[in-house]
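Let's take a walk through a protein and look for the empty spaces inside. Have the structure open in front of you as you read.

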Amino acid sequence: MADRKPNADKHIVLTSHPTSGRKPLAINWGAPDPLLRGPVIGSTTEHRNVIGAHSGSYALYRALAVAAGRLKSDHVPDLTNTAPADLIGPHPQWSDPMKIVSMDPWGHMTTEVFAGLIAKGYDIRPTVAVTRAHINMPELRDAMAAGRLRSDNLILSPAGDARVTKVAIEPVWWLPGIARRFAIDEAALRRNLFEHTGRMFPELVTRPDLKVFLPPIGGATVYIFGEPTKLGDRRYPLACRVHDECNGSDVFGSDICTCRPYLAHGIELCIETAQAGGVGVVVYNRKEGRALGEVTKFLVYNARKRQEGGDRADQYFRRTECVAGVQDMRFQELMPDVLHWLGIARIDRMASMSDMKHDALVGSGIEIVDRVPIPDELIPADARVEMDAKVAAGYFNKGVRPADSELTVAKGRALSE
Ligand SMILES: [Zn+2]
């Protein structure tokens, strides 16, 4: 058997003390000049100035690859030709530390704005990447067949390929801002993050000077329909769907919930608005099963189906609470950050009936003109329990108008602006 000696480090670095005599580069969150703001350095070098590591939970696979001898521990990425395929920002919101606390607004521009530091040997990695693609979903072709969507040979091809700019975002938490968002004490936040990650990140409690944390969680992907340069420009109507991951429904078309139909309906709205001269944005957040995870979610499915009387709307949230202790852990408080990053101040057509999402967006200063409910015929029969439970719980009832008149009204507005 080949000798597979682990790629061990020369020494173990204690996290309770700075790693060298030099102070790390400061991060002045919200500073309008990126050089004054300072780079987020999460690579495992002496220049580190954050807690945690790049790539969220995938950092664990990187560790495994290094341990297995398949990746050099000092590998530095070659970022030639990786710059954003479309320009996003800078927007005024980037320098408002109240607006963005859970991602690095300069995360896609690191190779450009920190070029000088990178040339000096700083390993500064992007936390955001922007590329272009086409997507194709059977629902879009259905919408074309039903006459709701049409090809314009630009945003939507005759074959149903929709042109998108897509953006991948890793979370970057500025801890003082996260604490303020939840109206809690920063020390209490840091202590709980430390304890409930199995004490994985000691610097949360030993290094109060480090204010930025790269949490080991999933981030978000943004799909933009139409010209990204129109984002943040109030002259153009904007459609938006903020979608929380549901792998079973979104990818596999699994029954019991309405997630994929909602997603597809949101995309349809985005394409329609982009074709009418506006722009559409779908934000896909990795918050599986209301951020409780898929194991919890499947346990709840069993509990719902096996209870006396079968799956019932009046027990829908109760069963989740029995297993998880709470009904929901998605924390929409952080959700608006990505929209602020895109420069969005007004959503003309919001493809969501969730009051939690609505209130979080409006509370953060984003105006919502219309909320567009999903048409009844797009709701699978098996998902009725979920819909009835949400209606009974008052999930969505503010300013939502009947399904069929909504599209017509909103479309008229988009075309007239
Ligand atoms: Zn679902």
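First, what counts as a cavity? On a 1 Å grid over the protein atoms alone, a cavity is a set of points where a 1.4 Å probe fits but cannot get out, and its lining residues have an atom within 4 Å of a point. Grid points are joined across faces, edges and corners, and a volume is the space filled by probe spheres set on the points. You're looking at a predicted model, where local features need pLDDT of at least 70, side-chain atom pairs count only at pLDDT 80 or more, and totals for chains, interfaces and linings use all residues. Residues are numbered from 1 along each chain as its sequence is written, and side-chain values use heavy atoms, with hydrogens and water left out.

So how many cavities of 30 Å³ or more turn up in the whole structure? The search finds two. The largest has a volume of about 500 Å³. It is lined by 30 residues, and the closest to its centre are C259, R290, Y316, E386 and K390. Helix α12 gives the most to this lining, with five residues. (Helices are DSSP runs of H or I, at least four residues, and strands are runs of E, at least two, numbered from the N terminus.) The second largest cavity holds about 40 Å³ of space, and its lining includes W29, W94 and D96.

Now stay with E386 and K390, which belong to the list of residues closest to the centre of the largest cavity. Both are buried residues of helix α16 (residues 384-392), along with V385, M387 and A389. Buried means under 20% relative accessible area, exposed over 50%, and partly exposed in between (1.4 Å probe, protein chains only). Among the elements covering these buried residues are α10 (259-275), α12 (294-306) and α13 (316-324).

C259 leads us to a metal. The zinc ion is coordinated by the SG atoms of C246, C257 and C259, at 2.2 Å. Donors here are N, O and S atoms within 2.8 Å of the metal (3.2 Å for Na, K and Ca); water is not among the atoms, so sites may look incomplete. Along the chain, the donors follow the spacing C-x10-C-x1-C. C257 is buried, with a relative accessible area of 6%, and C259 is buried too, at 18%.

Last stop: T165, which sits in strand β3 (residues 162-169). Is T165 buried or exposed? It is buried, with a relative accessible area of 4%.

Technical notes: Contact = heavy atoms within 4.5 Å. 1 Å grid on protein atoms, 1.4 Å probe; cavity = no way out; pocket = protein on both sides within 12 Å on 5 of 7 lines; lining within 4 Å.
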